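Visitor: I would like a close look at a single part of this protein, set in the context of the fold around it.

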Amino acid sequence: EPLFRSVQIVISKCLEKETLCNEFFLHLVKQTTDQPDPNSRLNVQNWRFMALTCGVVVPRSKDLLAYLMAHLKRCSLEPSSEEGKFAQYCVLAVQRTQRNKNRKYPPSRQENLCVIRRRLIHARFYSKARNCPSMK
């Protein structure tokens, strides 16, 4: 639980400050580059953090975004490793985040659990409004 809360705090700070977001992505790229064992526990943890972050916010700098995508595509060339699987997941997450724009809030606990397992999140939303025009 404390680790989950720390992840939320870091990602929320990235949402608040563009410079911190850029610096954090550079740090994640550095931490996931040239790891001796792509399946090591530490490397998998770094990739989980990358996956969570890519699903919420992407760098606003076009150069940094291009650098990030190049890194992710290079790492995804080995699809049988954990690193390759997470890199492929991150490419899709970045594309989805670009399409939908950066979010306002960090991932929920349920989303965190789904992302670290590279699974889709399924959620139901209920509304008491019966006469809502968008619901017809």
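Visitor: Leaving aside its neighbours within four places in sequence, which residues is Arg 119 in contact with?

Guide: Beyond the neighbours within four places in sequence, Arg 119 is in contact (heavy atoms within 4.5 Å) with Tyr 89 and Cys 114. This is a predicted model, in which local features need pLDDT of at least 70 and side-chain atom pairs count only at pLDDT 80 or more, while totals for chains, interfaces and linings use all residues. Residues are numbered from 1 along each chain as its sequence is written, and side-chain values use heavy atoms, with hydrogens and water left out.

Arg 119 lies in the segment after H6 and is exposed (over 50% relative accessible area, with a 1.4 Å probe and protein chains only), its own relative accessible area being 52%. Between Arg 119 and Tyr 89 there are 9.4 Å from C-alpha to C-alpha, although the two are 30 residues apart in sequence.

Tyr 89 also belongs to the surface through which H5 meets H3, where Phe 86, Cys 90 and Ala 93 of H5 are among its companions, and where H3 contributes residues including Trp 47, Met 50 and Cys 54. The residues of this contact divide into 11 nonpolar, two polar and three charged. Helix H5 (residues 82-100) packs on H3 at an angle of about 10 degrees, with the axes 8 Å apart, and the two helices are therefore roughly parallel (angles under 35 degrees) to each other.

H3 (residues 41-54) packs against H2 (residues 18-31) as well, at an angle of about 150 degrees and with the axes 9 Å apart, which makes H2 roughly antiparallel (over 145 degrees) to H3. On the H2 side this contact is made by Phe 24, Phe 25, Leu 28, Val 29 and Gln 31, and on the H3 side by residues including Asn 43, Phe 49 and Met 50; the contact residues comprise seven nonpolar, four polar and no charged. Asn 43 and Met 50 of H3 thus appear in the contact with H2 and also in the contact with H5.

Turning to the whole chain, there are six helices (DSSP runs of H or I, at least four residues) and zero strands. The mean pLDDT (the predictor's confidence in each residue, from 0 to 100) is 88, and 87% of the residues reach 70 or more. Among the elements, helix H6, which spans residues 109-116, has the lowest mean pLDDT, 81, whereas helix H4 has the highest, 97.

Note on methods
Axes are lines fitted to C-alpha atoms, for helices over the stretch in contact, and angles run from 0 to 180 degrees between N-to-C directions. Angles under 35 degrees count as roughly parallel, over 145 as roughly antiparallel, 65 to 115 as roughly perpendicular and the rest as oblique. Ala, Val, Leu, Ile, Met, Phe, Trp, Tyr, Cys and Pro count as nonpolar, Asp, Glu, Lys and Arg as charged, and the others, Gly among them, as polar. Buried means under 20% relative accessible area, exposed over 50%, partly exposed in between (1.4 Å probe, protein chains only).
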